[in-house]
Each structure stands twice: as C-alpha cells, then as structure tokens.
Amino acid sequence: MSGEPTPAPGRRASIEVRDLVVRYGSVLAVRGVGFTVAPGEHLTLLGPSGCGKTTTLRAIAGLEQPESGEIRIDGQPVFSSSPRVRVPAERRGLSMVFQSYAIWPHMTVFDNVAYGLRVRKRPEAEVAERVRGALGLVQMSDLAARRASRLSGGQQQRVALARAFVFSPAVLLFDEPLSNLDAKLRAEMRLEIKELQRTLGITSLYVTHDLEEALAISDRIVVMRDGMIEQTGTPTEIYDRPRNRFVADFVGSANLIEGRLRPDLAAEGLVAIETASGAIVHGVAHDRRPGARPCFSVRTVHVRLSRQRPPAQVNVWPAIVRRRVFQGDFTQYHADWEGRTLVVRGLAAEGIEEGSTAYVAVEPRHCVLLEE
Amino acid sequence: MLGLPSRFYVVTTAMYQLVSQYPPQFPRAAAMGVSLFAVMFAMVWIYRRVVRAGSYATITGKAFRARAMDVGGLRWPLLAVCVVYLGIAVVLPVLTLLYASVQRLATVFPRADNFTLANYATALSLDAVRSALGDSLILGLGTATVGVLLMGFLAWMIYRSRLPGVGAIEYVLMFPQAVPRLVFAFGMLWAWLIFPIPIYGTLWLLLIAYLTVFLPLGLRTIAGVMLQIDRSLEESAQMCGAPWGYRLRTVTMPLLRPGLIAAWLLLFIASVRELGASILLTGPKAKVITPTIVESWFSTSTELTAALALLQTLAVSVALALLFTVARRATQPAGE
C-alpha cells in the first residue's frame with residue numbers, strides 16, 4: 001500500500017440526515033431516521049437484514065426516493081420534502097461501492113476505474129496517472145489491461161474500490177461491500193478498507209450486518225432495527241454499553257440477567273438487581289433509567305470461570321459446567337447458574353471439565369443496566 | 001391459410017371468416033377481438049408478476065461466464081429431437097419449394113425434360129418482383145433499425161425508469177399482439193385515408209404498420225435482455241457522476257448490444273416476410289414481396305410462386321449471413 005502517489009484528498013463533506021422516511025409501496029422501510037456524519041468521519045449503519053440500513057444509504061446516494069425528511073451533503077440539501085429539493089444521484093458528488101461490485105464486464109480494469117474521471121472530462125494524461133495511483137493503492141497495478149469479466153471476486157472488489165475513490169468524491173458510500181467474499185478474504189479486505197479510509201480521509205458511510213466489520217472500521221456506529229435507530233455511539237460504547245436488549249444481543253454475545261431493583265443494596269455508584277432465584281447482581285447504570293423489567297447485559301467474554309473461589313466481594317457465585325465447546329481461539333462454556341444457563345467465553349487453555357463445579361465471577365462494571 | 005381446409009379454426013381465422021362472409025358479422029368479430037384483449041391482458045399481468053417476483057439478472061458486476069451443460073447420455077437423443085424438428089419444420093418445406101420451382105409443371109414424379117430454370121428467369125425479369133424484393137429489403141432495414149431504437153427506449157422506460165404509469169404503457173404496447181394483423185391493417189387503412197398526411201400507398205405507411213405490429217415482438221426480445229442486466233451496473237455509473245445520456249451510451253447500450261442485435265435480426269426477418277398487414281396496405285408505389293407471392297399464387301403458376309418464395313428466402317438468407325458476420329464481430333469483445 002505504498003510507493004504509489006496518493007490521489008489528491010477530496011473536499012471532506014459532512015452528511016446530515018433528518019427525519020428520513022422511505023416507503024416501498026405500503027411498507028415503511030425507514031421510519032424517521034436521523035444522524036450526522038462529520039467531515040472525514042467513518043460512520044457505519046449496522047443491523048440485521050431488512051432493518052432499513054441499505055435503504056437509508058441508497059436514499060442518501062439518490063438511488064431511492066424518500067417520502068419525507070431532509071438529507072444534506074456538505075451543508076447543502078440534496079433531498080428535502082419541504083421545501084421540495086431533489087438533486088439527482090449523479091450531481092450529489094458522492095461515490096459508492098456496491099454489494100455486487102457492479103464492475104462493468106465489457107470494459108478493462110483501467111477503463112472501469114477511469115470512468116468517473118472521464119465523466120468529469122479530465123485530460124487523458126491526468127486520467128492515466130490517477131488511475132495508476134488508485135490501482136496501486138488497491139494492489140491491482142498489474143491487471144490494468146485485464147478485462148473486468150476475468151477477475152476473481154476479491155479483485156473485482158478492489159477495482160470497485162479504486163473506481164469509487166479515484167475521482168476524489170466528497171463522500172464514499174459502502175453498501176455491504178464484503179458480504180460476497182469468503183471469510184478469510186473478508187477479514188483481509190476489511191483491514192485494507194480501513195487503511196484506505198485513513199489514507200484518503202474521505203467521509204465514509206458504511207452499511208453492514210457484520211458486527212466485526214462494523215467494530216473494526218468505524219469511528220461511530222448506528223445500530224438499526226425495523227427502520228429505526230436503536231443506538232448511536234463509538235464501537236466501544238456500543239459494545240461495552242449497549243442501550244437495550246436488541247443491541248446487547250445483536251452486537252456481540254451477551255447474557256441478559258433480569259430481576260427486580262434492590263435500591264437498598266446499591267452502593268458506591270453501583271445498582272443491584274435480585275434475580276427470580278434470589279441472586280444479587282451488582283452492575284452499573286451509566287445514568288440510565290431501567291425499563292419495566294430491569295435487566296443487565298453481561299458480555300460472555302467478561303464472565304470469569306475458575307475452580308477456586310475468587311477473592312472478590314460481590315458477583316461471585318458457584319455454578320456447574322454443563323457444556324464445553326472448543327472453538328479454536330476461545331472455549332465456550334454453558335454453565336448452570338441460578339436456575340438458568342450462563343454463557344462464558346474463556347481462553348482455550350484454561351480447560352474446566354464438563355460436570356464440574358466452578359465459580360463464575362463478573363466485575364460490576366461489566367454488568368450494564370439496559371434501558372429496555 | 002393452413003387450418004382452413006380441415007375446418008380447424010383459431011380465433012383469428014374465425015374472425016376473418018365472420019368479416020368476409022355475406023353479410024359480414026362485424027359485431028361478433030369485434031366481440032371475439034375483445035376476448036383476445038382480455039386474454040392478452042391476463043398474460044401481461046402474469047408476466048409482470050413473475051418478473052417482479054424474482055431477480056433474473058445474469059449479467060451482474062460479478063464474473064460471469066457461459067457454461068456448456070453436460071447432458072451425458074441424453075446427448076444423442078436430444079440431438080435427434082433437434083434434427084427431426086428442424087427437418088419437419090424447415091428443411092422439408094424448403095426442399096418441396098425447391099423441387100416445385102424447377103419444374104415446368106409440378107408433378108410428384110416428373111420426367112427429366114420437365115426440369116427448368118425458366119421460372120427463375122421469369123421471376124427475375126418481372127419488374128414488379130424486383131421492385132417488391134428491393135422495397136421489402138429496404139423496409140426490413142428501416143423497420144429493424146427504427147424499431148430497435150424505439151423499442152429499446154421503450155423497454156428502458158418500462159423496466160429502468162421509475163416514472164409513474166410505466167406499467168400501463170406495457171399493457172398498451174402489448175396490444176398489437178392481440179389484434180389480428182389483418183384487422184389492424186383495416187384500421188390503419190381507414191385511419192390514414194381520413195388523416196390529412198398523404199402516406200397512404202407509400203412505404204411510409206407500411207413502415208408505421210410494421211413498427212406497430214412488431215412492437216410486442218421487439219419489446220419482449222429487448223426486455224428479456226434488459227432484465228438480465230443487473231440494475232447496479234447502471235447505478236454505479238450514476239454514482240460515478242454520469243448523467244443518463246452518458247450512462248446509456250457507455251454502459252447500458254454496450255451491455256445490451258447482443259440483445260439489440262438479436263432484436264434487430266428478428267425484426268428484419270419478420271418485416272421481410274410480413275403478410276397480414278402488408279396485403280391491405282401495399283399499393284402500386286409500394287409493393288413488398290410477400291403479398292406479391294400470394295398474388296402470384298392466385299394469378300400465375302405454382303411453379304413460379306415457388307421460385308418467388310425461394311428468391312425471397314435466398315435474399316433474406318444472404319442479408320442475414322452478412323448481418324451475422326457483422327454482429328459476431330460486434331459482440332466479440334476485444335482481446336478474448
């Protein structure tokens with residue numbers, strides 16, 4: 001990723017979305033979504049399929065006509081329901097990487113990448129230089145003359161990337177760009193995209209249903225469900241402090257522990273919940289108000305399992321290990337605890353036998369009170 | 001023509017009979033026509049449902065390559081089916097025509113001196129035939145070229161633009177398919193006799209008629225190709241900043257090219273052998289070959305007619321061979 005000239009950084013633009021509503025026939029795909037992407041920021045829309053994330057992205061791109069709301073790029077409205085503004089996609093100064101790559105099979109790699117520059121009527125010498133630079137950045141310099149229909153999936157994705165940033169767009173949009181690649185290549189490309197984002201510094205909006213991808217490449221994440229936003233925050237915020245059950249469950253794996261609040265046991269900034277079976281669990285509220293059914297989210301990696309009783313004062317209980325599933329990088333245990341199953345992920349090395357009694361412990365700061 | 005002797009009526013021949021008998025039964029024929037519209041509407045409705053239900057894109061941004069299918073032991077039986085079908089449908093009638101055209105008097109077991117090439121000499125010496133053949137080829141070129149542009153644009157409108165009401169356009173465009181050509185030609189005849197533009201009896205009227213009656217054929221052919229092209233290929237051009245004229249020229253058209261060429265060839269062949277609409281719309285200044293052949297069938301000998309028919313077939317074949325060569329060169333991407 002070095003030794004080639006970096007394309008001139010484009011004007012970094014912000015994206016503002018307000019009260020966006022998109023309707024497909026009788027289905028409301030997006031129901032009043034609003035967020036802001038700062039200039040140069042990398043924001044990801046994360047959610048299960050059908051949550052409206054791609055529709056939101058396409059509405060910003062101009063490929064989908066929203067019903068109401070407002071979209072501003074670099075402060076300028078490109079869509080608005082009142083007053084009525086509709087800027088066509090090709091005049092929004094954006095660029096997009098498609099899930100299907102959308103590489104034109106009747107052109108060479110070079111012509112694919114050069115397209116955006118030729119549309120802008122750049123002199124052919126400049127086109128050649130910038131295409132070379134872009135292909136260098138995605139490590140495709142050798143294949144410039146190859147027909148695009150004769151590339152592997154990963155290669156096509158690289159060409160799609162180069163094509164998207166070569167003309168220095170103000171904003172880069174990514175629509176699940178890695179979902180058609182195999183797992184290993186996906187992990188590799190994820191890093192490359194991140195690297196590219198940092199090199200180019202272009203504002204980017206990324207759509208994915210893949211948690212790891214979102215955590216790895218984003219400055220901030222917007223978690224969506226059913227056309228609405230569930231939570232917005234940095235990857236660590238989203239992971240460490242999920243706002244509700246949906247986010248806790250969708251973003252990583254978590255144990256949800258329900259019970260009734262015990263304000264009398266709360267101390268030192270902690271809150272306490274008593275489970276149905278009578279166990280007292282201490283956790284943190286982060287100034288949140290619990291919902292009707294108070295609930296903690298505990299990441300499976302934050303629960304410790306040990307043979308000896310740990311010295312901590314709170315949140316230590318005996319449990320019986322029922323299942324041990326070796327998963328390579330970690331081992332997943334299913335432990336019987338207070339009449340329910342607790343999922344624990346530990347290092348593969350510290351093996352605890354199935355059927356044995358052990359102690360589960362979790363630091364209160366890792367028990368996060370949910371809002372709903 | 002084929003069904004009538006054995007009293008095998010399809011709706012269109014029945015309609016023709018109703019109109020041509022005395023007294024003509026226009027109301028009943030019209031009712032039959034309307035029933036055809038209903039069937040056509042139902043078909044288009046089903047088609048639209050099916051197409052909307054799934055994705056038929058085979059040309060996507062991902063690598064695609066045509067693959068030969070291995071049919072294993074079925075290879076020879078399948079080949080036999082093809083050969084038999086081709087034999088019955090194509091080779092047999094053509095051979096029969098050839099046989100008839102080189103005889104003085106068509107018989108099943110002729111003597112040697114019965115063979116002659118005089119029929120061809122006669123056919124080619126007739127001015128009417130020569131001009132009809134020429135007009136037909138010109139008309140074929142015109143119909144195919146204008147048709148592909150027109151129908152390509154319409155197909156793009158229906159399947160790619162999201163203008164309101166494009167669904168209704170598709171129904172209207174499929175209309176000519178439901179109207180028997182002859183009935184349609186009657187309509188055009190009356191319309192253009194009244195209309196103050198003097199194109200009646202010229203090739204222009206035939207061109208308009210052909211463009212109309214072949215609209216469904218061309219549209220279906222092009223739409224089939226268009227549905228195979230993934231929408232994101234056009235969208236990505238748009239996201240690169242290309243306005244639609246530029247997109248059409250650099251992405252949509254080149255991808256559609258094989259399909260457009262196929263549609264062109266189909267329209268060309270279809271118009272050169274068009275009969276139903278032509279027979280009413282030809283005039284002294286605008287003669288086309290197929291009605292001329294029919295006239296010859298009624299007014300001259302079977303043998304001369306066979307010669308004419310073969311000349312038409314030959315002309316079309318030569319034209320097609322030329323076009324195929326050009327088309328193959330056009331669809332063969334550089335460097336493959």
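Reader: What makes the link between R262(A) and E274(A) a polar contact?

Author: The distance does. In this predicted model, the side chains of R262(A) and E274(A) come to 2.4 Å. A polar contact needs an N or O pair within 3.5 Å, so the value of 2.4 Å passes.

Reader: Where does R262(A) sit, and what does it touch?

Author: R262(A) lies in the loop between strand 13 (260-261) and strand 14 (271-274) of chain A. Leaving out residues up to four places away in sequence, R262(A) touches A272(A), E274(A) and I280(A).

Reader: Why is the meeting of R247(B) and E90(A) called a salt bridge?

Author: The side chains of R247(B) and E90(A) meet at 3.7 Å, N to O. The limit for an Arg nitrogen and a Glu carboxyl oxygen is 4 Å, so the pair qualifies. The rule finds two salt bridges across the interface of chain A and chain B. It also finds ten residue pairs in polar contact there, both residues at pLDDT 80 or more.

Reader: Which elements of chain A build the side that touches chain B?

Author: Those giving two or more residues are helix 1 (53-61), strand 7 (94-97), helix 2 (109-119) and helix 4 (153-165) of chain A. Helix 2 of chain A gives the largest share, four residues. By class, this side of chain A has 17 nonpolar, seven polar and eight charged residues.

Reader: How do you know how much the two chains share?

Author: Two values tell us. By contact, 32 residues of chain A meet 30 residues of chain B. By area, chain A and chain B bury about 2,500 Å² between them, 56% of it on carbon and sulfur atoms. Interface size is often given as the accessible area lost when the parts come together.

Reader: Strand 7 is also part of a sheet in chain A. What makes strand 7 an edge strand?

Author: The sheet is open, with six strands of chain A in the order 7-8-9-3-10-11 and mixed pairing. Strand 7 and strand 11 (228-233) of chain A each have a single partner strand, so one side of each has no neighbour in the sheet. From one strand to the next, the twist averages 20°.

Reader: How do you know that strand 7 pairs with strand 8 of chain A?

Author: Count the bridges. Strand 7 and strand 8 (residues 171-175) of chain A have four, in the parallel sense. Pairing needs at least two, so these strands pair. Within this pair, S95(A) stands opposite L172(A) of strand 8. After strand 8 comes a loop to helix 5 (183-200) of chain A, and E176(A) is found in that loop. Phi of E176(A) is near 40°, a positive value in a residue other than glycine.

Reader: What makes strand 12 and strand 22 of chain A the edges of their sheet?

Author: This open sheet has three strands of chain A, in the order 12-16-22, with antiparallel pairing. Strand 12 (254-258) and strand 22 (367-369) of chain A each pair on one side only. Neighbouring strands of the sheet are turned by 30° against each other on average, direction ignored.

Reader: How do you know that strand 16 and strand 22 of chain A are partners?

Author: Three bridges join strand 16 (residues 295-299) of chain A to strand 22 of chain A, running antiparallel. The threshold is at least two, so the pairing holds. One bridge sets S297(A) against V368(A) in strand 22.

Reader: What links strand 4 of chain A to strand 1 and strand 5?

Author: Strand 1 (residues 15-24) and strand 4 (residues 68-73) of chain A pair antiparallel over five bridges. Strand 4 and strand 5 (residues 76-80) of chain A pair antiparallel over four bridges. I73(A) serves both pairings: I15(A) has I73(A) as its bridge partner, and I73(A) has Q76(A) in strand 5. Strand 4 and strand 5 form a hairpin with two residues between them. In its turn, D74(A) has a positive phi of about 55°.

Reader: How do you know that the bond between S82(A) and P83(A) is cis?

Author: Omega tells us: its value for the peptide bond joining S82(A) and P83(A) is about 0°. P83(A) is in the loop between strand 5 and strand 6 (85-86) of chain A.

Note on methods. Residues are numbered from 1 along each chain as its sequence is written. Chains are lettered from A and ligands numbered from 1 in the order in which they are written. This is a predicted model: local features need pLDDT of at least 70, side-chain atom pairs count only at pLDDT 80 or more; totals for chains, interfaces and linings use all residues. Side-chain values use heavy atoms; hydrogens and water are left out. Contact means heavy atoms within 4.5 Å. Buried area is the accessible area (1.4 Å probe) that two parts lose on being put together, summed over both. A polar contact is a pair of N or O atoms within 3.5 Å; within protein, one must be able to donate a hydrogen and the other to accept it, and residues adjacent in sequence count only if both atoms are side-chain atoms. Ala, Val, Leu, Ile, Met, Phe, Trp, Tyr, Cys and Pro count as nonpolar, Asp, Glu, Lys and Arg as charged, and the others, Gly among them, as polar. Axes are lines fitted to C-alpha atoms, for helices over the stretch in contact, and angles run from 0 to 180 degrees between N-to-C directions.
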